[in-house]
Protein chains: 2
Amino acid sequence: MTSLEVQVRELFASVEQTLRRAMEALHARAFFAHYPESLKAYPEEAAAAGKERFEAQLSQPFALPQASDAWLAAEEASPYTAQPLGISYPAFQDPQRYVDHALAAAPAWRKASPAARAALLMDALERLRGDFFELAHATMHTTGQTFVMAFQASGPHASDRALETLALGLHELERFPAQQIEWVKPMGKFDIRMEKHFRAVPRGIGLCIGVSTFPVWNTLPGVFADLITGNPVIVKPHPRAIYPLALAVRALQASFAAYGFDPATAQLAPDTAAAPITTFLAQHPEVKLIDFTGGNVYGDFIEGLPGKITFTEKSGVNSVILDSVSDLGAAMSNLAFSVSMYSGQMCTCPQNFFIPRGGILAGGEHKSYEEVVQAFTEAVKGIATNPKMAAGVLGAIQSEATLDRALQARHLPGRLLLDSLEVSNPDFPQARMATPIVMEIQPDQQEVFSRELFGPVVLIVPVEDTKQGLALAQALAREKGAISCSAYSTDPEVRASIEEAMAESATSVSFNFTGSFWVNQNAGFSDFHVSGGNPSGNASLTDPAFINRRFTWVGSRTFIP
Amino acid sequence: MTSLEVQVRELFASVEQTLRRAMEALHARAFFAHYPESLKAYPEEAAAAGKERFEAQLSQPFALPQASDAWLAAEEASPYTAQPLGISYPAFQDPQRYVDHALAAAPAWRKASPAARAALLMDALERLRGDFFELAHATMHTTGQTFVMAFQASGPHASDRALETLALGLHELERFPAQQIEWVKPMGKFDIRMEKHFRAVPRGIGLCIGVSTFPVWNTLPGVFADLITGNPVIVKPHPRAIYPLALAVRALQASFAAYGFDPATAQLAPDTAAAPITTFLAQHPEVKLIDFTGGNVYGDFIEGLPGKITFTEKSGVNSVILDSVSDLGAAMSNLAFSVSMYSGQMCTCPQNFFIPRGGILAGGEHKSYEEVVQAFTEAVKGIATNPKMAAGVLGAIQSEATLDRALQARHLPGRLLLDSLEVSNPDFPQARMATPIVMEIQPDQQEVFSRELFGPVVLIVPVEDTKQGLALAQALAREKGAISCSAYSTDPEVRASIEEAMAESATSVSFNFTGSFWVNQNAGFSDFHVSGGNPSGNASLTDPAFINRRFTWVGSRTFIP
């Protein structure tokens, strides 16, 4: 064995138990959390050190060991301070160079065993863990997420989802015998014998296209899935959210360098809105795999590229179906939080609430439609006007366009139930903010509620009954896509019918959520995020197809005379 | 339980051991043969009875329990007798009706458990087994295959591949917990608890498009993969090879009917070249899955259809790389058989032979290029001129177009090494036949040898050395696709380099084949047929992606207060 092989074997031995446990957890879909998410679980000095590193990085070049011939002055600006971050990133003037470097890095990485790749990628996750506090600030000041959400989403939760791809990847790659096996075919008077073995051949270069709202959480799974299956990867962040992904790539490149692999096995390829490089990379014949999170128009373009294998998360129209509840206040409070959290900028945030015109049963008592609606709008108002809570729930709005769209929602053809309220963040007076606008839209105005109104906008649709609401939610999910569905019913038969109907539209349902867990949240090792079975996207985190489309099984056989 | 559930459970109990063994065999990729392929393994009277049933079917309507409103007079004609078969098949005048019936059949089939589906589909395979002799005649007289090949390919081998999809399907569908599991997230002072469960939701209607040369072997895996994963299927046979697939559909419909499912769960949708319905069905929004075997032009069209999940096998350019052999005669005899078998109409048949100009080592002795070429052409001639062997190896040529193309090959820009020889089949004087034409083409004439010349055509390309031959084979596989590669070398290092280089083009290599097993043959439970990693097709029989792209995992979760 070479010294590199010895090193990597030692590394694998040190992480093997975690990987095996992760594989088990994945198949059981039971609780599993590799990375503690509580801020208290980290050394006391980590929080302050992370903040210092963030502040020191502002207005400075971001160093990476990857090859480059230019510094790209990024367009990042904080939704909290309205100030540019002023960071520049290493880049190539000609994006073809990313492809050239990825091709040069490919052979060594392809030849590394699945176990070696898993070990190195675990090592990168451990390095990234040391950056979780800096990553939280970087995420907060590019996406507008609150600090706590930014910490959880880009840190432990994203790492859990990355680890999930390593566990499933290792399982898939070890699934068929790599070692020579003897195959025997009895022919009557004699046998035919062959030695056969099978190898998982990577597809080529992977391109992972980041989004501005969840740059790490949405991108890391594709990056790690490409890498565990042996493909070099080019990470193309959103021009307004480069910093968080630059930290992830830095951790990866440190691990590659430490074990003698080319840092270009995972490259950062930043660009600007003025000079985008995504289409060039996506159409490049050497790019075989594309992971994309973002809007429908570009997502449809990516899905339609000939000869590419794509994994997309686009937009959906998420529904809430109200049938009956045990406790109206608890349900409405949970839903109000769901639509307020990060100002409706989560792909899993509910948009359309289908509420029976005749009201619903709540704890056995009849509540009128108006009472239900009022309980909801009061709960939204309660969060928005609570000075201790508002800023810490709403965060900031990532882009001007999202804010404009939200404010325009009050002109939709319907009844304004709750306008956007005055709100501010005492720590960041310049923060771009808006509280949710709630409109009532009649069920015959499908053109209004059958598109995603990304941001803090809620549409209440009064329906004849639960059945009509379900039919609308199902049709929307089927035709426009849905990433989540929240439903409340105290009747197990009604729940079963909702689950069955939404499953036909490949949409997961969260029933009767109250307290401090929300339909918006999906957990690694437990939930399939985006089913891939309706127009909201064509892939799921992390089902087997998310892994095994990234390589090809090739068997060879040698005749034994 | 209803009586249907009781019946299906009993059926499952009776086949479960076979299915579990099949699952094990699949993962071990060890030898496994569920269906004995020797003609002697069937009851003595089966052969005669099958022939009688075939003869009685000629010029008659083919009865199926599926709904229909017309009889389609098929264009089938025997490549052996040049006579039309004269069979008509039940059909709909408006192909939309197939979609309507598939949609009507879908809910019951979707709701059937994976185990129930597996049991019913095993039952259908058992029924089809009773038709193997009729199926062999039906295949022979539509495709031109010899009787023995027709029996093996459409009978036991196709059934093995179908069984393989059931085994892998059951494994994939049972992979995550369907039953409710309790998920717990510790929150410090309290826990959040949920019940979660996961269901595999079928995609929609599957369309399986048959080919004229291997109508059953190439189509049955997609049909069974669609069905085990809960999708109703429309089988659209090639207009010239309907009868074999009609037998397969009849077996399926008998099983559906026996257990109370709609026969339209699997429908036959025959058409004619004059009034094709394939494009209508393929573009139909309710058709979500398409399996296709056939030419590149239509295959590329299928792959490019927006919003469809496709599984294609198109064409490839298969290479032979000669480096060194133990026994020249044994190697050349094996290769001559490979190119003669079914007159080169197998997708795995070698086309381009890369032979070093300076000759090769054979059993330690140097053999000149001319000696090697002569040994090969003599071996081809030996088969073609052996009256006891020729007809039984060559079979007949399926279409006039293939015969014309083959005969035109002698006008390619190169040296004619062996022309097509006079040959006849004593049992079928009208059989459409041609023995392989062997041409020498120089390595700089890539435009000549870089396309598939389907049929009995072999191109010998003299190369500088093994390295040049390998480079050409690798580039061809990468750019034009390849489904097989045959290589001969006595040097393990050379074999390793060939295997590595061809794996990069996602092409399986068969080394040093001699005796009675040929590169053309792929075995269920052992080989991945078509890797899906080069332009010859985008899917593989049967890797996990062949199964798990046909359904979506959808999880639901219910809050436990």
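**View 1. The loop of chain B that holds B:T542.** B:T542 sits in the loop of chain B between β19 (510-511) and α18 (544-548). Helices (H or I, at least four residues) and strands (E, at least two) are DSSP runs, numbered from the N terminus. The peptide bond leading from B:L541 to B:T542 is cis, with omega near -20 degrees. Chain A offers a matching pair to look at: the bond from A:L541 to A:T542 is cis, with omega near -20 degrees, and A:T542 is found in the loop between β19 and α18 of chain A.

A word on what you are looking at: this is a predicted model, in which local features need pLDDT of at least 70 and side-chain atom pairs count only at pLDDT 80 or more, while totals for chains, interfaces and linings use all residues. Residues are numbered from 1 along each chain as its sequence is written, chains are lettered from A and ligands numbered from 1 in the order in which they are written, and side-chain values use heavy atoms, with hydrogens and water left out.

**View 2. A:N520 and its surroundings.** A:N520 belongs to the loop between β19 (510-511) and α18 (544-548) of chain A. Is A:N520 buried or exposed? With a relative accessibility of 3%, A:N520 counts as buried; buried means under 20% relative accessible area, exposed over 50%, and partly exposed in between (1.4 Å probe, protein chains only). Its side chain meets that of A:S338 in a polar contact of 2.8 Å. Such a contact is a pair of N or O atoms within 3.5 Å; within protein, one must be able to donate a hydrogen and the other to accept it, and residues adjacent in sequence count only if both atoms are side-chain atoms. Not counting residues up to four places away in sequence, A:N520 touches A:S338, A:M341, A:M346, A:T348, A:C349 and A:P350, where contact means heavy atoms within 4.5 Å.

**View 3. Two residues with positive phi.** A:V530 is also placed in the loop between β19 and α18 of chain A. Its phi is near 60 degrees, a positive value in a residue other than glycine, and at 2% relative accessibility A:V530 counts as buried. Over in chain B, B:A506 lies in the loop between α17 (492-504) and β19. B:A506 has a positive phi of about 55 degrees, although it is not a glycine, and its relative accessibility of 3% makes it buried.

**View 4. A sheet built from both chains.** Follow this open sheet of 10 strands in the order β3(A)-β4(A)-β20(A)-β19(B)-β18(B)-β10(B)-β12(B)-β17(B)-β16(B)-β15(B), with mixed pairing. At the edges stand β3 (181-186) of chain A and β15 (415-418) of chain B, each with a single partner strand, so one side of each is left without a neighbour in the sheet. Two strands pair if DSSP finds at least two bridges between them. β3(A) pairs with β4 (residues 191-202) of chain A in the antiparallel sense over 6 bridges, and here A:I181 stands opposite A:K196.

**View 5. Strand β17 of chain B, seen closer.** Why is β17(B) described as largely enclosed by the rest of the structure? Of the 7 residues in this strand (residues 457-463), 7 are buried, so the description fits. B:V457, B:L459, B:V461 and B:V463 point one way, B:V458, B:I460 and B:P462 the other, and all are buried. In a regular strand the side chains alternate between the two faces of the sheet. β12 (residues 352-356) of chain B pairs with β17(B) in the parallel sense over 5 bridges, with B:N352 opposite B:L459. β16 (residues 437-440) of chain B and β17(B) are also parallel, over 4 bridges, and B:I437 has B:V457 as its bridge partner.

**View 6. A:T142 in its helix.** A:T142 lies in helix α5 (residues 132-143) of chain A and is buried, with a relative accessible area of 0%. Its side chain reaches the backbone oxygen of A:T139 at 3.1 Å. Leaving aside neighbours within four places in sequence, its contacts include A:E76, A:R240, A:P244 and A:Q398.

**View 7. An exposed valine.** A:V297 is located in helix α10 (residues 296-303) of chain A and is exposed, with a relative accessible area of 73%. Its C-alpha atom is separated by 25 Å from that of A:P244, 53 residues apart along the chain.
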